[in-house]
Amino acid sequence: MSTSSQAQKSTSRKVTSASVNTDSAHQLSVHSRQGRNKLLSESILPLLLCLACPFLVRSIVFICTHCHGSISEFFRRLLFSQTVTLKDILEDFFYFEWHWPSGIIIISFLIYAVVMTIILPGKEYKGPVTDTGHVPIYRDNGFCYYIVSLILFASLTFLLKLNHLSPTYIYDHWEEFLSTVSTFAFLLCFLVMLKGKYMPSTNDHRSSSNWLTDFYRGVELYPRIFNVDVKLITNCRYGMLAWALLTVIFCMKTFELYGFTDSAFITCVLTLVYLTKFFWWESGYMKTMDIIVDRAGFYLCWGCLVWVSGIYTLPSYFLVTHPNQLGWTSTAIILTLGLVSIYINYDCDRQKIQVRSTEGKCLVWGKPARTIQAKYRLLNGKEHESILLASGYWALSRHFHYIPELTLAFLWTYPCGLQHILPYFYVIILFILLMHRAHRDDQKCRLKYGHAWDKYCRLVPYKHSKESLISQKKNGKMPVKLERKHAFPLTLAPIILAHDILKFIYIQ
Ligand code: NDP
């Protein structure tokens, strides 16, 4: 009997049907700060982050290129030898630079992304209904876009090579390129904010009198320009594709300089497989927090255009100046662990999507899906129902999929060696981002689903954050003894294990 027919016949185990959550202040309101700390969260913090993030990206690249990847050398040069002065840093790193060749590449790439998104074929699909009852419609052509782009990139590289040129031109001008894309992204975020304030595409927008917070957090949830979804373009069609192409370019540069280098090869292969998975599952991504919760502002759009290009590609960029040869055994082990991590991460997301698309009538790990019917009310008063999965990976912990994500990030950085902390910046930042995200998502779901979410939390007590475990203990909602002792180390266990295995091999 096929799995699907078994699934059809099996009755899904519905744990409970919770009462409708009548709290109208869900989803969009999660981000509105009330009263205390308003000045800090709506003005000071956004200002600091808008200033600090471009500075951080530029300094990290500077340390890689000019300080042999050593943070201490950077500070030594800054504080003692004075070969880098504070004036240089302020002038170079805070300056809105525009390097024309980079500007032309960035704008052409963006135009390419928009045109291909419009013309490539694909079935229409719906995003989740929003608080105001809006249902976004997209075309499922992400994977096609990705494959076509890789083929075009390979052809372009071939043509350039015939003329003694190379796409590694971008590596050679990486600092100018990053500053230019940052300038461009600032401008774009400002225009998207103005559009949101004066010409919003849907009712899912929230504008305030504070321009700083509007700029940082964004105004619109689903901005469209000429019916092209802005977040689809910045996050997927530019951000994720740029990540893939830049990783290939940096790997090519390493090969141009030193011949075949297995460290660069591992990082490149794992990143490409991960991004192939991303585009294969793009329609699933359009139902995640980036899209359904975060509005189009600096945090999301600048992040996808600049932070992804500068920080997510850091391991492969670092390897150009710090190549390693790991040997075939290590290469095979890292690649295998990495591919397993990608598969598990994909499978977690797939289970969630599958249970919702089959309305719970499916098998999860060979057994009927265990589900919770969770009702909620939109701001327009309409009642909706959703399904929470409480079996498979989603019974191990509420955000189990972040563990393979982090393990993978560690694995593709590991070829950089253990001498420098700098290339691990992405892993560290991702860890903080995902812990914060898990916390935000729990907040959002509790407001949205009320009792149904509490029931899910009682069935699946593990999250990722110690703080939340303690706060839930105070509310007396879960078996505290077990979770306090084990939840945090449990989250880190696979990473530490992978690290120890690889360190052992590496030292041998
Ligand atoms: P999720 O895919 O977990 O999406 C969260 C939403 O899923 C919730 O808001 C809720 O939405 C729904 N949900 C939560 N629990 C359940 C459940 N038990 N059953 C069914 N639905 C549930 O989160 P992310 O957007 O954070 O992650 C998506 C992917 O992106 C992951 O693979 C993650 O690893 C990856 N990622 C990568 C990052 C990177 O920088 N590399 C950063 C962040 C994520 P609803 O309102 O629909 O109920």
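## A cluster of rings

In this predicted model, seven side chains come together through ring pairs: F96, F186, F215, Y216, F298, Y299 and W302 form a cluster. That's just part of the aromatic story, as the count comes to 44 aromatic pairs.

Let's take one pair, F215 with F298. Their ring centres are 5.9 Å apart and their planes meet at 35°, so this pair counts as tilted. The two partners come from distant parts of the chain, 83 residues apart. F215 belongs to helix α9 (residues 211–217), while F298 belongs to helix α14 (residues 298–312). Are these two buried or exposed? Both F215 and F298 are buried.

## A strand meets a helix

Next up is the pair made by Y376 and Y449. This one is edge-to-face, with 80° between the planes and 5.5 Å from centre to centre. Y376 sits in strand β8 (residues 370–377) and Y449 in helix α19 (residues 425–449), so the pair ties together parts 73 residues apart in sequence.

How accessible are these tyrosines? Buried means under 20% relative accessible area. Y376 comes in at 5%, so it is buried. Y449 has a relative accessibility of 3%, so it counts as buried too.

## Charges over rings

Y376 has another partner to look at: K448 lies over the face of its ring, 4.4 Å from the ring centre.

And which residue has its charged end over the ring of Y145? That would be R237, whose charged end sits 5.1 Å from the centre of the Y145 ring.

Notes: Residues numbered from 1 in each chain as written. Predicted model: local features only at pLDDT ≥ 70, side-chain atom pairs only at ≥ 80, totals over all residues. Heavy atoms only, no water. Phe/Tyr/Trp six-rings, centres within 6.5 Å; stacked < 30°, edge-to-face > 60°. Helix = DSSP H or I, 4+ residues; strand = E, 2+ residues; numbered from the N terminus. Buried < 20%, exposed > 50% of the residue type's maximum accessible area, 1.4 Å probe, protein only. Lys NZ or Arg CZ within 6 Å of the ring centre and 35° of its normal.
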